[in-house]
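Open the model in your viewer and have the selection tool ready. This tour goes from one stop to the next and tells you what to pick each time.

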Amino acid sequence: MSPAEPVGARPDADRTADEPVDGPRGGLGLALLGSELAVLFRRVRTIALLGALALIPVLLAVAVRVTTADGGSGRGPAFLGDITQNGLFVSLTALTVAIPLFLPLTVGVVAGDTIAGEASLGTLRYLLVTPVGRVRLLLVKYAAAAAFCLAATLVVVVFGAIAGAALFPIGPVALLSGQTIGLGDYALRLLLMALYVTLSLLGLSAIGLFASTLTSVPVGAMAATIVLSTVAQIVDALPQLDALDPWLFTHHWLGFADLMRDPISWDSFAANALLQAGYVAVFGALALGRFTTKDVLS
Amino acid sequence: MSHDTTAVRSSHDVAGPRGAFAVETTGLTKQFGRQRAVDGVDLAVPHGSVYGFLGPNGSGKTSTIRMLLGLTSATSGDIRVLGGSMPDDLRRVLPRVGALVEGPAFYPFLSGRANLHRLDSGDRRAPAATRRARVDAALDRVGLGHAASKKAHAYSLGMKQRLGIANALLMPRDLLVLDEPSNGLDPQGTREVRGLIRSLADEGTTVFVSSHLLSEVEQMCTHIGVMSAGRLLTQGTLDDLRALGEHRVRLLTPDPDVARDVLTRLGLTPEAPARSDATPATAGGSVRVEADLAVEGLSPESIVAALVAADVRVRGFEVAGASLEDRFVDLTGEGFDVAG
């Protein structure tokens, strides 16, 4: 075959390089996001993580129920004593318990796996060759991690509500500011709290995404993310390092209690949103800078 | 990174005359630390060819392929794939390229079919409406139709290899880049892959296939490029490469001394001194006389005529090229299964 000879046998052989191969350009390519969410949430590991989170409010409610039946002392974190009076507090208590460790743990696993997981499977090179643009892949991966944050938080809240309603009497809820609200209003506030906690985890997710672009060993990225969240909380707790506190992504993590006041105090919500947006911007930019120039060798 | 398509259109002359080559590199180099994995490679893969990219393991084939596909950046040199410059025109070029790079890779927890759906959904130009049909067609084409619902972790290496090839065939492609496509396949599978590549080539797809097995490349390729230690030693059509080798005259005669004189008169340099005990004798008192056919335009029949005219009893005569394998061992200085 002569090297200069055009292909010939192919009907569209003299198509210019610019024309799309087939069909429309496909807009935003949301199919990939759908596929990413399907792969994430159908995966056994993700389901196990969410299942473990669901166990927190359930075990909490059962434990309180059993100990109070034995005439327990009512010691424990805030709200814990209130549970026996009103089962609706189980969600709130479970969120408080899950925030320092369990939620960051699961989010660290998912966010740390985003890019490194694909790299370790080798599927990263096939996604990039498909081609999924590197920027688009990062955006889709981050969106899926954020969706997991929301799902994780909602699991704690919803299973808390179910366990509370099943094991304890429910009724109008007393707010921290003294007023009492009905079930509908309380449900709305629970949802707001879930959003608050989801928002709180977005900065951590961005850190995990960045860590994930640094390695092709997913466990490394997961561990780094989880360790960082723990270190930030320790620094937050040390009085000697108070100056750093406003800059720590964990600083407002427990601020959702402000949503249990009337009128709602939005200050911590706004401060938290600003702080998390800053972390997302910084670590998102780092992840982009790293990933778009990275040699994919895995 | 994120080139706008229209901007790309105006900044390159791809809409003009088609380049002769589907893949073209100049001075392509990749440096890892102090090691040059790829060293000044000038590839020229003609449109419509089946180009065998041959070299021992570790000779830089996969590193080259990674750069062609924009997975890694070149340390220096230019790459043009299907008329577009890589990696700048990646978004426009890669939808027309199907690839198997450094072995297949899949989500072990998804079925073969779900894996293909996943990768296809990443291609914005792949119409979702035909996805199911295209995935099933690709699976059938590589003979995986029956195992489509099995989880990928239950696939054998050969099945994964087939699934990887199916992934490259999800859309009509102008170029297929297949890195060691028959790794892990049994002889039957190897033959099937060879047939598949031939049928794709017949449809007009340019196929760039890497291998460390000469026999495999020889059986399916029209063109060949030989890599060794990061360098492209030679490239061209298979016939060019065969012709490139020096031909040898092999003569079987009981009159070796006269024969040598004749050959010398024709300008050849017969080998070995005329000591009869040093020349290998064969049955019937014949002796083998060999010489490199180093004279331009000297035809085999004129040699025989000259021998016969000098009363040399010619009992056997052949002019043969060195085998391709000999050529490649000469070029690379090693056998083909040796890790470089």
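Two residues count as being in contact when their C-beta atoms, placed from the backbone, lie within 7 Å. Keep in mind throughout that this is a predicted model.

**Stop 1: chain A as a whole**

Colour chain A by secondary structure and you will find nine helices and two strands. Following the sequence, the elements come in the pattern α-α-α-α-α-α-β-β-α-α-α. Of the 298 residues in chain A, 43% are buried. Among the contacts in chain A with a separation of 6 or more, 78% are between residues 24 or more positions apart.

**Stop 2: helix H1 of chain A**

Now select residues 30–42 of chain A, which form helix H1. These 13 residues reach 18 Å from the first C-alpha to the last, close to the 18 Å expected at 1.5 Å a residue. Which residues of H1(A) are buried? Show A:Ala31, A:Leu32 and A:Glu36 as sticks, for these are the ones. Look down the axis of H1(A): the buried residues fall within an arc of 140 degrees, so they line one face of the helix. To see what covers them, add helix H6 (134–167) of chain A and helix H4 (112–121) of chain B, both of which are included in the cover.

**Stop 3: the sheet in chain B**

Move over to chain B and display the open sheet of six strands, ordered S7-S8-S9-S4-S10-S11 with mixed pairing. Strands S7 (97–100) and S11 (231–237) stand at the edges with a single partner strand each, so one side of each has no neighbour in the sheet. From one strand to the next, the twist averages 10 degrees.

Zoom in on S8 (residues 175–179) and S9 (residues 206–211) of chain B, which run parallel and are joined by five bridges. Pick B:Leu176 and then its bridge partner in S9(B), B:Val207.

**Stop 4: helices on the sheet**

Next, bring in H2(B), which packs on the sheet and touches S4 (50–54), S8, S9 and S10 (223–228) of chain B. Its direction makes about 150 degrees with that of S8(B). Then add helix H7 (residues 187–202) of chain B, which lies across S4, S8 and S9 of that chain and runs at about 155 degrees to S9(B).

**Stop 5: B:Thr64**

Finish inside helix H2 (residues 61–68) of chain B by selecting B:Thr64. Is B:Thr64 buried or exposed? B:Thr64 is buried, because 30 other C-beta atoms lie within 10 Å, and the cut-off for buried is 20 or more. Beyond its neighbours within four places in sequence, B:Thr64 is in contact with B:Leu28, B:Val38 and B:Val41.

Notes: Residues are numbered from 1 along each chain as its sequence is written. Chains are lettered from A and ligands numbered from 1 in the order in which they are written. This is a predicted model: local features need pLDDT of at least 70, side-chain atom pairs count only at pLDDT 80 or more; totals for chains, interfaces and linings use all residues. Helices (H or I, at least four residues) and strands (E, at least two) are DSSP runs, numbered from the N terminus. A residue is buried if 20 or more other C-beta atoms lie within 10 Å of its own, exposed if 12 or fewer, and partly exposed in between; C-beta atoms are placed from the backbone. Two strands pair if DSSP finds at least two bridges between them. Axes are lines fitted to C-alpha atoms, for helices over the stretch in contact, and angles run from 0 to 180 degrees between N-to-C directions. The expected span of a helix is 1.5 Å times one less than its number of residues. The arc is that of the directions from the helix axis to the C-beta atoms.
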